[in-house]
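This report covers charge pairing, one enclosed space and a few backbone details. Have the model open alongside the text.

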Amino acid sequence: MRFSRALLNFLVGYAILHLIVAAIFLFVVTGWLKNQLLDQHRQRLQDICFSLREHVRSLPEGMRQAELLGHLQILEENTGARFTLINDQGEVLVDSRTGYKDIGDHGSRPELQEARNHGVGFIRRTSATVNLPLMYLAIPLYEPPDPERENGLVRVAFEERPILETIGSLQKFLWLFTIGSGILAGILMVVFASREMKPLPKFAEAARNVASGRYVMLPGLTHRDDEWKSLADAFSVMQSELRQREMRLRENSQRIEAVLGSMIEGVLAVDHSKRVVVANQAAGELLGVNLEELLGNNLLDMVRIPE
């Protein structure tokens, strides 16, 4: 299948425009999906955190209840999140992963400071304990603090890797879908554009025929009912007008040649540069040159007396 240059330019322009639109679409959509997934996980962490806080509040010994570690470990097994209870001095009382082991002062952790100041603290950072990127959400155990109970904070941490893998899978799917739909749209565009641009080479061939003096009717456009049909009708009218004008010019030229040829007087005409454009046989004989040599040459050169 041969493509005209106009069709190729159109298809290249379409491909470039499609890639630009697809890139913008993917950038916007993937960013929106990422924010949606992060918000969903944040809301999930917050719901779990509030549920755990209510459970700790219901215990007689609060954060120092003996069976609390087992409960946290069951929660981690069911949710995949890590749970930590921290007192007001930043000391970790119990952690679902490390148990009662001392894992350092946590009072300066940004999610805990934000929870103290705003009621809820949410931070995405790399854990200094397990060296993994985590999402942290913390809330105060009592708000406002209860003077009769031990105050502290409840913190939930969730590993970001599964979320990022989900986002990566969605991005891959969107890229494949966009590329596939672009290829399909491109194939359909080629088929459609080839069909619609099919008359263009016929017009180019007809124009070349007119330039060489051949007036040939445009074939294969009588069945169409669009702008191509209107253009073909106008082209046919133009061909007919040109043919008639050419015939009239030829007839006038023949008449002039017949009149000039029958005259015994020499007749010639020159243009602004003194070149002979019209002459009869008698003029050539008077000047002593052939008629073919006279036409197109400078008149002064033809009549100059040789020394």
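A salt bridge here is a side-chain nitrogen of Lys or Arg within 4 Å of a carboxyl oxygen of Asp or Glu. By that cut-off, R124 and E160 form a salt bridge, with their closest N and O atoms 2.4 Å apart. R124 sits in strand β3 (residues 121–126) and E160 in the loop between β5 and α4, so the pair ties together parts that are 36 residues apart in sequence. R124 is partly exposed, at 41% relative accessibility. E160 is buried, with a relative accessible area of 7%. Note that the model is predicted.

**Salt bridges**

The structure holds eleven salt bridges in total. Among them are the three pairs tabulated here, the R124 pair included.

| Pair | N to O distance |
|---|---|
| R124 and E160 | 2.4 Å |
| D95 and R82 | 3.1 Å |
| E165 and R161 | 3.1 Å |

Take D95 and R82, whose side chains meet in a salt bridge. D95 belongs to strand β2 (residues 92–95) and R82 to strand β1 (residues 82–87), so the bridge ties together parts that are 13 residues apart in sequence. Are these two partners buried or exposed? D95 is buried, at 0% relative accessibility. R82 is buried too, at 4%. The cut-off for buried is under 20% relative accessible area.

E165 and R161 also pair through their side chains. Both lie in helix α4, four residues apart, which means that about one helical turn separates them. E165 is partly exposed, with a relative accessible area of 44%. R161 is partly exposed, also at 44%. Elsewhere, salt bridges that share partners join E111, R125 and R155 into one network.

**The cavity**

How many cavities of 30 Å³ or more does the count give? The count comes to one. The volume of the largest cavity is about 40 Å³. R82, H106, R109, R125, S127, A128, T129, Y136 and R155 line it. By class, the lining divides into two nonpolar, three polar and four charged residues.

Several names recur here. R82, part of the lining, is the salt-bridge partner of D95. R125 and R155 also line the cavity, and both belong to the network with E111.

**Helix α4**

Helix α4 covers residues 161–196, which makes 36 residues. From first C-alpha to last, α4 reaches 51 Å. That is close to the 52 Å expected at 1.5 Å a residue. Which residues of α4 are buried? They are I163, I167, L174, T178, G182, G186, A193 and S194. The salt-bridged E165 in this helix is partly exposed, as is R161.

**Backbone details**

Two loops deserve a look. In the loop between β4 (133–140) and β5 (152–159) lies P144. The peptide bond from E143 to P144 is cis, with omega near 0 degrees.

K274 has its place in the loop between β6 (268–270) and β7 (276–279). Its phi is near 70 degrees, a positive value in a residue other than glycine. K274 is partly exposed, with a relative accessible area of 44%.

How values were computed: Residues numbered from 1 in each chain as written. Predicted model: local features only at pLDDT ≥ 70, side-chain atom pairs only at ≥ 80, totals over all residues. Heavy atoms only, no water. 1 Å grid on protein atoms, 1.4 Å probe; cavity = no way out; pocket = protein on both sides within 12 Å on 5 of 7 lines; lining within 4 Å. Points joined across faces, edges and corners; volume = space filled by probe spheres on them. Nonpolar A, V, L, I, M, F, W, Y, C, P; charged D, E, K, R; others polar. Expected span 1.5 Å × (residues − 1). Buried < 20%, exposed > 50% of the residue type's maximum accessible area, 1.4 Å probe, protein only.
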